[in-house]
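Colleague: I have a few minutes before the next gel. Can you walk me through this model?

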Amino acid sequence: LNNLSSVLANEKNDSALYYLNKSLKISVKNNNAYLSNIFNNMATGYTFKNQYDSANYYYRLSLLEAKKNNEIEMEAKSLSNIGKLFFELNKTDSALYYIHLSNTIATEHNLLRIISLNYLTLSQIEDSKNNTRKALEYYRQYSNLKDSLLSADKFGEINQLQRLYEVSKTDQQIEQLILEQQINERTIHYQKIIWKITFSILILISIVSVIIYLQKRNLNKSYKVLFEKNMEIIEFQENSSMNSSQKYQKRTLTSSTQNALLDKIFILMEDPSLFCNTDFSLDKVAELVESNHAYVSQTINAILNKNFRSFLNEYRIKEAQRLLLEPDAIKFTIEYLAGRVGFRSPNAFRHAFKEITGVAPNFYLKSLHNKSPRG
């Protein structure tokens, strides 16, 4: 608002004073440090309107505000303006007093523009008093200062242009550095994200590996327990194998054909060369025990509560366990062992072995040969 009033000062003085009053209200409300400048501009506005009392009032307010805030240049300027005002009022003595006060402050602080204007006012005062010689001397001093100030202004403009160029160049360099810094920060940010993702994946893999390891270890423990149970069963079967046929012969027999038939089947199954033959079947058993297919199947189902396939697989797997106890069993392959005990495929052998013993044949063989010799 203050600057707007300066633009309108020469042509629209009333508008300038209007904007100055608005600027003054805002400055007073916010305790603004520019009050001295506003007061000075208002005084100038009233001077243009020939309202000298108001002008004098605001010049003095400007002077007081400048002294209060230690604004040396505004203090010297206010004194100079008061001197010019008194000169227009034909109060030359008062005018000379304030001009000299202004000049003293301006000279002490090297305020050349104010000194120059004071010399011009002094020249006019002396001319009004018909002191032509003094008037010319003051005017010569005014002209010299004005020329030097003009040269300084031109030099200042050149310096300002140079500074603007340097500032512009520096700004470009700063912008480039800021851009590079932003790129670097973004790169670091993405690298941190990638590092966090990689670290998280590694942690996840480690956790999964630990879980798999623990599960595998627990499974191995279970297999070992099952292996020990199977070894106990084998040991028991070895001790009782010699009496197995007598056991079934001592079975209390009745007229039941099934019991008699089952005894014949048990005796038949004591020969591994029979049931380890891949062609060994329910029909072959019926033929060897001089019975028929249906009677043999019914007898096994009724008394043993299992089908012929399960009954046969138990004998074959028991034989496989016996073979695995041989010293050179480590050389056996699953394919060889499956064929040796009568299975047509290794997969069928693996399935039957794990179903009956609870462990896979590979694990069983490995555990068997890692086990310490029994006493």
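Modeller: Start with one side chain in this predicted model. A polar atom of the T357 side chain lies 3.1 Å from the backbone oxygen of V359.

Colleague: Which other backbone oxygen lies 2.6 Å from a polar atom of the T357 side chain?
Modeller: T357 sits in helix α16, residues 346-357. A polar atom of its side chain also has a backbone oxygen 2.6 Å away. That oxygen belongs to F353.

Colleague: Is T357 buried or exposed?
Modeller: Buried means under 20% relative accessible area. T357 has 3%, so the residue is buried.

Colleague: How many helices does the protein have?
Modeller: The protein has zero strands. Its helices number 17.

Colleague: Take α13. What span should its 12 residues have?
Modeller: Helix α13 covers residues 293-304. The expected span is 1.5 Å times one less than the number of residues. The end C-alpha atoms of α13 are 16 Å apart, which agrees with the expected 16 Å.

Colleague: Where around the α13 axis do the buried residues lie?
Modeller: The buried residues of α13 are V296, T299 and I300. They cover an arc of only 95° around the axis, so they lie on the same side of α13.

Colleague: Which helices do those buried residues pack against?
Modeller: The buried residues of α13 have three helices as packing partners. These are α10 (257-268), α12 (282-288) and α14 (308-324).

Colleague: Which residue caps the N-terminal end of α13?
Modeller: Just after α13, N305 takes a positive phi of about 60°. At the N-terminal end, a side-chain oxygen lies 3.1 Å from the backbone nitrogen of A294. The capping residue is N292.

Colleague: Now the rings. Are F86 and Y98 stacked or edge-to-face?
Modeller: The structure holds 16 aromatic pairs. F86 and Y98 have ring centres 5.6 Å apart and planes at 15°. Planes under 30 degrees apart count as stacked, so this pair is stacked.

Colleague: Which helices does that pair link?
Modeller: The two residues are 12 apart in the chain. F86 lies in α5 (residues 72-88) and Y98 in α6 (residues 92-108). The linked helices are α5 and α6.

Colleague: What is the angle between the planes of Y119 and Y138?
Modeller: Y119 and Y138 are stacked, 6.1 Å centre to centre. Y119 is in helix α7 and Y138 in helix α8, 19 residues apart. Their planes meet at 25°.

Terms used:
Residues numbered from 1 in each chain as written. Predicted model: local features only at pLDDT ≥ 70, side-chain atom pairs only at ≥ 80, totals over all residues. Heavy atoms only, no water. Helix = DSSP H or I, 4+ residues; strand = E, 2+ residues; numbered from the N terminus. Buried < 20%, exposed > 50% of the residue type's maximum accessible area, 1.4 Å probe, protein only. Arc of directions from axis to C-beta. Contact = heavy atoms within 4.5 Å. Polar contact = N/O pair within 3.5 Å; in protein donor to acceptor, adjacent residues only side chain to side chain. Phe/Tyr/Trp six-rings, centres within 6.5 Å; stacked < 30°, edge-to-face > 60°.
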